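Work through the exercises below with the model open. Try each task before reading its solution.

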Amino acid sequence: MMRRYGVIAGVNAPPAEDGDLQRETGKHVVLRCKKPEELVGVVRGRNFSLFTADLRRFKNVETMKGDNIGIEGCVFLALMLRQGCCPRLTSLNLGWNRIKKVGADRLFDMFGKQGGTILIEHLDLRMNHIPGQCVKKLCRYFRSGTTLMFLKVLDLRQNMIGDEGALALSHCVLGGHLKGLTRLYVNANQIADQGVLSLFRVFTGETVFCPRIECVNVRDNLTKTETIRSMVPCPIFFQS
């Protein structure tokens, strides 16, 4: 076959594509911030892009992963999504990106303002130092009924949501605002007895608020051993 097309492996084969090259027609994009020296003297106007990939051109993206974008990158991402970039996005992975409170606030505000235009099903925000106030704000937007309507997986592990964030999530589920949720990860979040018990009662009560739920992980929190033993009967999907 190669001889037919005049190409012989190891002799005159074309050079391999650059590994960092991201096609604008692709369905996956990795977010990387430009180097500081590339931003010196650059006018941050209408066509400015903080990322190496200009999201305005990536219309077919369905999955997006951040590569250490930090607070500034998360704020810029929220601005891009607010402008309608990547309208087909269904999976957003910002784990280990150090977006902290400021970045999370901007991202959640964008979710609330965009409403049903956001199609995200999988939201990964693990290990970002997100406090309970941010989760409380997100839950207020959930109550509107149009924020993240298609959300199935919410990954908040290894943050700092505490009892405040756990109680907010419990009230949100109790109000029927997360009916499509299948997986919730809040392990290693400094949640004490009150928060874990509230989640346990909501997800294991007689009334089923999340019929498709497969996993609720509350491990590695500040829960006492006696509290964990008191959570009976405990279904398989509730991991404590």
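**Exercise 1. Find the partner of Asp155 in a salt bridge, and place both residues.**

Solution. Step 1: apply the cut-off, a side-chain nitrogen of Lys or Arg within 4 Å of a carboxyl oxygen of Asp or Glu. Arg126 qualifies, with the closest N and O atoms 3.1 Å from Asp155.
Step 2: locate the ends. Asp155 sits in strand 5, and Arg126 in the loop between strand 4 and helix 3, 29 residues apart. Helices (H or I, at least four residues) and strands (E, at least two) are DSSP runs, numbered from the N terminus.
Step 3: classify exposure. Buried means under 20% relative accessible area, exposed over 50%, partly exposed in between (1.4 Å probe, protein chains only). Asp155 is buried because its relative accessible area is 1%. Arg126, at 24%, is partly exposed.
Step 4: look for shared partners. Lys101, Asp105, Asp109 and Lys137 are joined into one network of salt bridges.

The model is predicted: local features need pLDDT of at least 70, side-chain atom pairs count only at pLDDT 80 or more, and totals for chains, interfaces and linings use all residues. Residues are numbered from 1 along each chain as its sequence is written, and side-chain values use heavy atoms, without hydrogens and water.

**Exercise 2. Which residue forms a salt bridge with Arg32?**

Solution. Step 1: the partner is Asp67, with the closest N and O atoms 3.2 Å apart.
Step 2: this pair links distant parts of the chain. Arg32 lies in the loop between strand 1 and strand 2, Asp67 in the loop between strand 2 and helix 1, 35 residues apart.
Step 3: Arg32 is partly exposed at 29%. Asp67 is also partly exposed, at 38%.
Step 4: the full count is 12 salt bridges.

**Exercise 3. Is Ile69 buried or exposed, and what does Ile69 touch?**

Solution. Step 1: Ile69 is in the loop between strand 2 (63-66) and helix 1.
Step 2: its relative accessibility is 5%, so Ile69 counts as buried.
Step 3: list contacts (heavy atoms within 4.5 Å). Leaving out residues up to four places away in sequence, Ile69 touches Leu31, Cys33, Phe51, Cys74, Leu94 and Asn97.

**Exercise 4. Which members of the largest nonpolar core touch the most other members?**

Solution. Step 1: define the core as buried Ala, Val, Leu, Ile, Met, Phe, Trp, Tyr and Cys residues joined through side-chain atoms within 4.5 Å.
Step 2: among its 67 residues, the answer is Met64, Leu92, Phe111, Leu169 and Phe203.
Step 3: contributors of at least two residues each include strand 1 (28-31) and helix 5 (193-204).
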